[in-house]
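Open the model in your viewer and keep the sequence panel visible. The stops below say what to select and what is there.

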Amino acid sequence: MIGGPVPATAAAPAGGPTAGPTTRSTIRSAEVLVASPGRNFVTLRVVTEDGVVGLGDATLNGRELAVASYLTDHVVPLLVGRDAHRIEDTWQYLYRGAYWRRGPVTMTAIAAVDMALWDIKARLAGMPLYQLLGGASRTGIMAYGHASGRDVPELLDSVRAQMAEGFRSIRVQTSVPGIDKVYGVAAQPSTSGRYDYEPAQRAPLPAEEDWDPAAYLRHIPTVFEAVRHEFGPALPLLHDAHHRLTPIQAARLGKSLEPYDLFWLEDCTPAENQDALRLVRAHTTTPLAIGEVFNTVWDYQTLIREQLVDYVRSSVTHAGGITALRRILDLAAQYQIRSGLHGPTDVSPVGMAAALHLDLAIHNFGIQEYMQHSTPTSSVFRTSFRWEGGYLHPGEHHGLGVEYDDEAAAHFPYQAAYLPVSRLKDGTIHDW
Ligand code: CS2
Ligand code: MG
């Protein structure tokens, strides 16, 4: 009988294609690993009956345990006994089967399963994942680094330090006179060259930061004036407005930064209101990047169809995995919109590795964010991706190329941590 439910152990229908002996890999176990090496991470580990291991990143900054519970209590029981090879079926099973679709918790949980299954499939196929995704479309992945400063001289030193680290494109964040604490500015200039900025603080309550859009809008163009003066016109420069401006403020900022020829201006307005970008687009040609808080293709529909953004900023971890993000990027490609995947330290080395395999395979690659993980993090996540001469490469290990060290992880128990909240000078809550 053609059609009807396909039981997990279904034999091929009579006369239908015969299922080869090797095309089934039964999931024996799945476990949720929570640890805090430098910062909190949630990792899903799926193991097949043949002992093949797949890892998935399920880290949602400041809400880690919500995803850990979603996986442990609702998803893991559904995975055991399933065929690990059936990635698309499992994705749809978890997305449509949840009934309550979308949203950061659900899509991060689905992403972790998806990454782990792609890891297993590539390990079973005996190749690095990018080969399964269509092979390499380039020899290396241009990645941008992070410079910040409490004042311009400190910022210029930080740019130099990032260039010494090999970065050929740099995101610039800076303090603003009149505002105590601004997003993206490392507390101390880094001695090692690694940009050491972890916004989620281990504390019982979120820190409260102040915000003054007028002071920011006056100050930022002067900073890019100074950086261009020091480093010249060619260095690709990026800036993250971190969701904090109204549409007309974002339009004004984009326009005032045009003389400095930015690679992109990121998250200029809170992105729930996709229509807002029509106003920004009408006033400036500064390229726009949006999407790190997006979880599905639906969050991008208007932005992509109306050519309102130039870069897709999602991460594999928060946008439903490789299966879903590749679809978003395929849609974007029809509009010449390129990737600019989210890669802060709260995307774990597993999530970063998944991004790199996708970055290497897709055609419409733009740039990859690379915030280097700390030493404690690297002691738990053993990665095989390479950083050479300003370019990343996922490496040639089979699968994603990341191993998880349980012994090391045991030294780093979970610690509650919160992202800050932001208030305007009059005390009104604002977007952080
Ligand atoms: C930022 C992130 O890297 C970025 O572009 O927007 O650092 C963001 O603040 C964090 O991922 C929040 O968890
Ligand atoms: Mg950002």
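Is Gln336 buried or exposed? Select Gln336: with a relative accessible area of 75%, Gln336 is exposed, because the cut-off for that word is over 50%. Bear in mind on this and every later stop that the model is predicted.

**Two residues with positive phi**

Stay on Gln336, which belongs to the loop running between helix H10 (321-333) and strand S11 (338-341). Its phi is positive, about 55°, although Gln336 is not a glycine. For background, most residues other than glycine have a negative phi.

Next, select Asp261. Asp261 also has a positive phi, near 45°, and is a residue other than glycine. To find Asp261, follow helix H7 (247-256) to its end and look in the loop that leads to strand S8 (264-266). Asp261 has a relative accessible area of 51%, so Asp261 is exposed.

**The magnesium ion**

Now select ligand 2, the magnesium ion. Which residues coordinate the magnesium ion? They are Asp240 through OD, Glu266 through OE and Glu292 through OE, at 1.9 to 2.2 Å. Along the chain these donors follow the spacing D-x25-E-x25-E. Asp240 lies in strand S7 (residues 237-240), while Glu292 is in the loop between strand S9 (288-290) and helix H9 (301-305), so the pair ties together parts that are 52 residues apart in sequence. Colour Asp240 and Glu292 by accessibility and both come out as buried.

**Ligand 1**

Move to ligand 1 and show its surroundings. How many residues surround ligand 1? There are 15, and the closest are Asn61, His242, Glu292, Arg313 and Glu369. Glu292 is therefore a residue to keep selected from the previous stop, being both a donor to the magnesium ion and one of the closest residues to ligand 1.

Draw distances from the oxygen atoms of ligand 1 to the side chains around it. One oxygen atom of ligand 1 is 2.8 Å from an N or O atom in the side chain of Arg313. For the side chain of Asn61, the distance from an oxygen atom of ligand 1 to an N or O atom is 2.9 Å. For the side chain of Arg171, the corresponding distance is 3.5 Å. Ligand 1 taken alone exposes 340 Å², and the protein buries 94% of that. If you display pockets, look for ligand 1 in the largest pocket.

**From Asn61 to Thr345**

Keep Asn61 selected and add Thr345. The two are 284 residues apart in sequence, yet their C-alpha atoms are 9.7 Å apart in space. Thr345 is found in the loop between S11 and helix H11 (349-361). Thr345 counts as buried because its relative accessibility is 6%, and buried means under 20%.

**Three further pairs**

Select Phe381 in strand S13 (residues 381-383). Phe381 has 2% relative accessibility and so counts as buried. Add Gln307 and draw the C-alpha to C-alpha distance: Phe381 and Gln307 are 38 Å apart in space and 74 residues apart in sequence.

Then select Asp310, in the loop between H9 and strand S10 (311-312). Asp310 is partly exposed, with a relative accessible area of 23%. From Asp310 to Asp57 the C-alpha distance is 26 Å, for a sequence separation of 253 residues.

Finish at Pro236. Where does Pro236 lie? The place to look is the loop between helix H6 (213-231) and S7. Pro236 counts as partly exposed, at 23% relative accessibility. A line from its C-alpha atom to that of Gln188 spans 24 Å, and the two residues are 48 residues apart along the chain.

How values were computed. Residues are numbered from 1 along each chain as its sequence is written. Chains are lettered from A and ligands numbered from 1 in the order in which they are written. This is a predicted model: local features need pLDDT of at least 70, side-chain atom pairs count only at pLDDT 80 or more; totals for chains, interfaces and linings use all residues. Side-chain values use heavy atoms; hydrogens and water are left out. Helices (H or I, at least four residues) and strands (E, at least two) are DSSP runs, numbered from the N terminus. Buried means under 20% relative accessible area, exposed over 50%, partly exposed in between (1.4 Å probe, protein chains only). Donors are N, O and S atoms within 2.8 Å of the metal (3.2 Å for Na, K and Ca); water is not among the atoms, so sites may look incomplete. A residue is near a molecule or strand if one of its heavy atoms lies within 4 Å of it. A polar contact is a pair of N or O atoms within 3.5 Å; within protein, one must be able to donate a hydrogen and the other to accept it, and residues adjacent in sequence count only if both atoms are side-chain atoms. Accessible areas come from the Shrake-Rupley method with a 1.4 Å probe; for residues, only the protein chains shown count as cover. On a 1 Å grid over the protein atoms alone, a cavity is a set of points where a 1.4 Å probe fits but cannot get out, and a pocket is an open set with protein on both sides within 12 Å along at least five of seven lines; lining residues have an atom within 4 Å of a point. A molecule sits in a cavity or pocket if more than half of its atoms lie within 2 Å of its grid points.
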